[in-house]
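Q: I would like a close look at one part of this model, followed by a connected account of its surroundings. Please give the cut-off behind each term where it comes up.

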Amino acid sequence: MNDSSWGSPPHAGSRAGYWGPADQGPVQGAAPAGPAYDAPEAQQTRPMPIVPDVPAHGGNQDDDRGAARLGGPLFHDEKYGNAPYGGEPHGLAAHGDDTPTAQPPAAAPQNPEPMPDAPHPAPAPQKKSAGRDLGAAIGVGVGLGAVIVASLFVVKAVFVGVVAVAVVVGLWELTSRLQERKGIKAPLVPLAVGGAAMVVAGYVRGTEGAWVAMALTALAVLVWRMTEPPEGYLKDVTAGVFAAFYVPFLATFVALMLTADDGAFRVMTFLVLTVVSDTGAYAVGWRFGRTKLAPRISPGKTREGLLGAVAFAMVVGALCMQFLIDDGAWWQGLVLGFAVAASATLGDLGESMIKRDLGIKDMGTLLPGHGGIMDRLDSLLPTAPVVWLLLVLFVGSG
């Protein structure tokens, strides 16, 4: 505390920053002690209060309140003006007793640096992301749905052609990824021809035609691969037979559903329940998902999403069986919806296993916002035989 806080400014002859008797030693910037201090001019100043001696242990003392100023090596993060860390702050003399002088404090810097240990602001919470172009996905989905519905209810044979084309494209995506990522050369030509024939045979000749076409396709894969060197023959034909079963054979059950009198409505029920199951799993899982369902296979799937898929599919299944299927009952729809949710989820996980093994995210890029054809068939393919079988058990094959 300086003299100005006690009254008028000190006379030029007085010692600035008086903090005690003169025997404390000279103060930097003050007049030397001696007779000059007892001059008459010094009587014009207001008497100063007696300030106790500086404690023996030293330290920076505050003003007349007697509170000790925090300082020393323990508080090196403090800044006094432009003094560096650990240096002498402005306004303090280099005395052994750390006695302050009357030097005015330096002006605060215009842009003080932040304290090294100042807490960083918490990052802003990020919104959940759907992970895909939702607008493109909806547009492509609506377009595909329009093509399917138009072909399904106008000319059944056209719908069978749509299924055959989807099978061929799916086989091309699967065999291409196998060759790119694993060096497996599953013969595409016999698979594509046999796969399309399998779907048509199922529609025309029923289950017997589908099984015969499957057997002939497997035989064609074995023979076709013989035209190349024997290295890798076993893995190539094994992958070819697997592809023939996984894509065209399972898709044949869609054609089998179509042969019934209410076949168009059976296929529509199958498609709607699968889409509703996927949508329910996505919506509930994205909003409420916390517990991972199978983190090593598909980290994005949650148990809450599975419950959403089951709930949505059971409700819609009851409505479809009650109003779309001849002689159907609502309770049958509950069973059908539950089975569809289970098979669709397993089908999705199955293709996720394949993609994890191949080290890819999508099977293709043909459908914006969806990936490839196989990325849309993953839930449909294993669900087709489940729906066909339950419908046959509930209301028959006619």
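How near do the axes of helix α5 and helix α7 come, and at what angle do they cross?

A: This is a predicted model, in which local features need pLDDT of at least 70 and side-chain atom pairs count only at pLDDT 80 or more, while totals for chains, interfaces and linings use all residues. Residues are numbered from 1 along each chain as its sequence is written, and side-chain values use heavy atoms, with hydrogens and water left out.

The axes of helix α5 (residues 263-288) and helix α7 (residues 330-358) come within 9 Å and cross at roughly 60°. Here the axes are lines fitted to C-alpha atoms, for helices over the stretch in contact, and angles run from 0 to 180 degrees between N-to-C directions; helices are DSSP runs of H or I with at least four residues, strands are runs of E with at least two, and both are numbered from the N terminus. The crossing of α5 with α7 is right-handed, a term that applies if the near helix is turned clockwise from the far one by less than a right angle, anticlockwise being left-handed. On the α5 side the contact (heavy atoms within 4.5 Å) involves Thr269, Leu273, Thr274, Ser277 and Asp278, which meet Leu336, Val340, Ala341 and Ala344 of α7. These contact residues divide into five nonpolar, three polar and one charged, where Ala, Val, Leu, Ile, Met, Phe, Trp, Tyr, Cys and Pro count as nonpolar, Asp, Glu, Lys and Arg as charged, and the others, Gly among them, as polar.

At the end of α5's residue range, the charged end of Arg287 sits over the ring of Phe288, 5.1 Å from its centre; the criterion is NZ of Lys or CZ of Arg within 6 Å of the ring centre and within 35 degrees of the ring normal. Ahead of α7, Asp327 lies in the loop between α6 (303-323) and α7, and has a positive phi of about 65° although it is not a glycine. Most residues other than glycine have a negative phi. Asp327 counts as exposed because its relative accessibility is 71%, given that exposed means over 50% relative accessible area, buried under 20% and partly exposed in between, with a 1.4 Å probe and protein chains only.

Helix α4 (residues 233-258) holds Phe242 and Tyr246, four residues apart, about one turn of the helix. Their rings form a stacked aromatic pair, 5.4 Å centre to centre with 15° between the planes; rings of Phe, Tyr and Trp (its six-membered ring) pair if their centres lie within 6.5 Å, and planes under 30 degrees apart count as stacked, over 60 as edge-to-face and the rest as tilted. Phe242 is partly exposed at 39%, whereas Tyr246 is buried at 11%. Phe249 and Phe253 also both lie in α4, with ring centres 5.6 Å apart and planes at 85°, so this pair is edge-to-face. Phe249 counts as buried at 4%, as does Phe253 at 12%. Both belong to one aromatic cluster with Trp211, Phe245 and Trp388.

Tyr246 is also among the residues touched by Leu174, together with Ala243, Val247 and Met363, not counting residues up to four places away in sequence. Leu174 is found in helix α2 (residues 156-182) and, at 1% relative accessibility, counts as buried.

For the chain as a whole, there are eight helices and two strands, and buried residues make up 37% of its 398 residues.
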